[in-house]
Amino acid sequence: MTTAATLLASEEGANPLIPHTYELVVGIFAFAVVFFVVGRMLVPRIQKTLAERTDAIEGGIKRAEEAQAEAQALQQQYRDQLAEARQDAARLREEAREQAAQIKAELREEAQAEARRLIEAAHAQIEADRQQAFTQLRAEIGRLSTDLAGRIVGEALEDEARRRRTVDRFLDELESSSAQAVR
Amino acid sequence: MNALTVLNPQDQFKAPTPDELFNLPPIIPGVDWFTKPVLLALLSAVIVIGFFWAAFASPKIVPRGVQNAAEVGYMFVRDQVARPFLGKDADRWMGLLLSLFFLVFAWNIMGVIPFAQFPVASHIAFPAVLAISIYVLKVYLGVRHQGPIGYFKNMMFPPGLPKPIYILLSPIEFLSNLIIAPFTHAVRLFANMFAGHMLLAFFSMVGFWFLFEHLTPLGAPIGVIGVVMTIIFTAFEMFIQFLQAFLFAMLASMYIGGSLHAEH
């Protein structure tokens, strides 16, 4: 086997496992050039770009999150304000209702007082009128009754004092009987 | 070989020999070093540089055109090659690993590019220089980050094993890490490309011989099989070319990672 291989190699002049010197040089040269240009010059550039892209995307996401948080805060604020406004409105309505009720009550109170006052005034007036009428009536009745009595008796009741006494007595009786009748 | 040629008459199919396939004459007579693999190796380097220059010379935050394609490549190397073995150090080594992966991939893919049709890495010199470079880097990084004694101690005496095991383990670890690893690193790539090129050349020569050079009713079906197999193996070979480039870069990443941090 060994002899066959060596024979093959010697005859053909090429053992595929023995590298050519110039190919070694070309190989390392090609790799060195590719490594220098691609590995040293271009890869850092794309790495920088990729980092920038990551930053940009992360920045974009962060900005979007911030905007969303802001929008939510604003919405919450509006909601709070709306709730507050509703509460205010409700409170104002309640107050108005209370005030209205109060005003109504006051007015009613006033009206009742007025009515009472009027009734009292009317009562007083009536009482005064009655008193006046009663006094007038009393004099009238006295005069009439003496006249009547004089005419019936046929004798004038000249004596003023006597006449007055008679009249008074009569009237007192009348009064007491009329009071009973009134009751 | 002479015996075989004597046995083969002129009208009989002759499989391509490694010598025919891989021992190529200089392109310009007299300039011995300038052969097809050398030309393709340099061309591949130019293509890789041109591609990444077009993509990353002035990269945009919002990528357009070729930058998109190159970024897919960059992400692939970063996420599949660099990060699993280097973790947070991945970005520092991306320049090396990206260059390594794409240069090897370009060298390999030359095997199926029409008119080029020669995988550069099937000449062992090309994988060898890369493997040697990675090996030197590996040992340098190991000594620098773990100390001259620490590096060999971590490599040969991983802690937490029964003492007698070390008698067996230490020489094996030493051998596999410092002698076998760089060799297999280079040979794995070389052998895959070598065998792949042999297969493709064989099947395409079957097709060419039986369908064009020596068309016979009996031979024609064999020629058709040769063409079909050439097509299938071209697809398969493209996959292998990609896979070997990936493996080569991945092993480099693994060696670097192992030297930066002791594995145990």
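**Cores and chain contacts in a two-chain model**

Trainee: Which residues have the most contacts inside the largest nonpolar core?
Mentor: Leu97(B), Leu100(B), Phe101(B), Leu103(B), Val104(B) and Ala249(B) have the most contacts inside the largest nonpolar core, which has 63 residues. A nonpolar core here is a set of buried Ala, Val, Leu, Ile, Met, Phe, Trp, Tyr and Cys residues joined through C-beta atoms within 7 Å. A residue is buried if 20 or more other C-beta atoms, placed from the backbone, lie within 10 Å of its own, exposed if 12 or fewer, and partly exposed in between.

Trainee: And how is the model numbered and filtered?
Mentor: It is a predicted model, in which local features need pLDDT of at least 70 and side-chain atom pairs count only at pLDDT 80 or more, while totals for chains, interfaces and linings use all residues. Residues are numbered from 1 along each chain as its sequence is written, and chains are lettered from A and ligands numbered from 1 in the order in which they are written.

Trainee: Back to that core: which elements give two or more residues to it?
Mentor: They are α2 of chain A together with α3 (36–56), α4 (66–86), α5 (90–109), α6 (125–146), α8 (163–213) and α9 (219–260) of chain B, and α5(B) gives the most, with 13 residues. Helices (H or I, at least four residues) and strands (E, at least two) are DSSP runs, numbered from the N terminus.

Trainee: What is Leu103(B) in contact with?
Mentor: Leaving aside neighbours within four places in sequence, Leu103(B) is in contact with Ala30(A), Phe31(A) and Val34(A) from one chain, and with Ser44(B), Ala45(B) and Val48(B) from the other. In contact means that the C-beta atoms of two residues, placed from the backbone, lie within 7 Å.

Trainee: How many residues of each chain are in contact across the two?
Mentor: There are 31 residues of chain A in contact with 36 residues of chain B. On the chain A side, α1 (2–12) and α2 (21–153) each supply at least two residues, and α2(A) gives the most, with 24 residues.

Trainee: Changing topic, how many helices and strands are in chain A?
Mentor: Chain A has 3 helices and 0 strands, whereas the secondary structure of chain B comes to 9 helices and 0 strands.

Trainee: And what share of each chain is buried?
Mentor: Buried residues make up 7% of the 183 residues in chain A, and 36% of the 264 residues in chain B.
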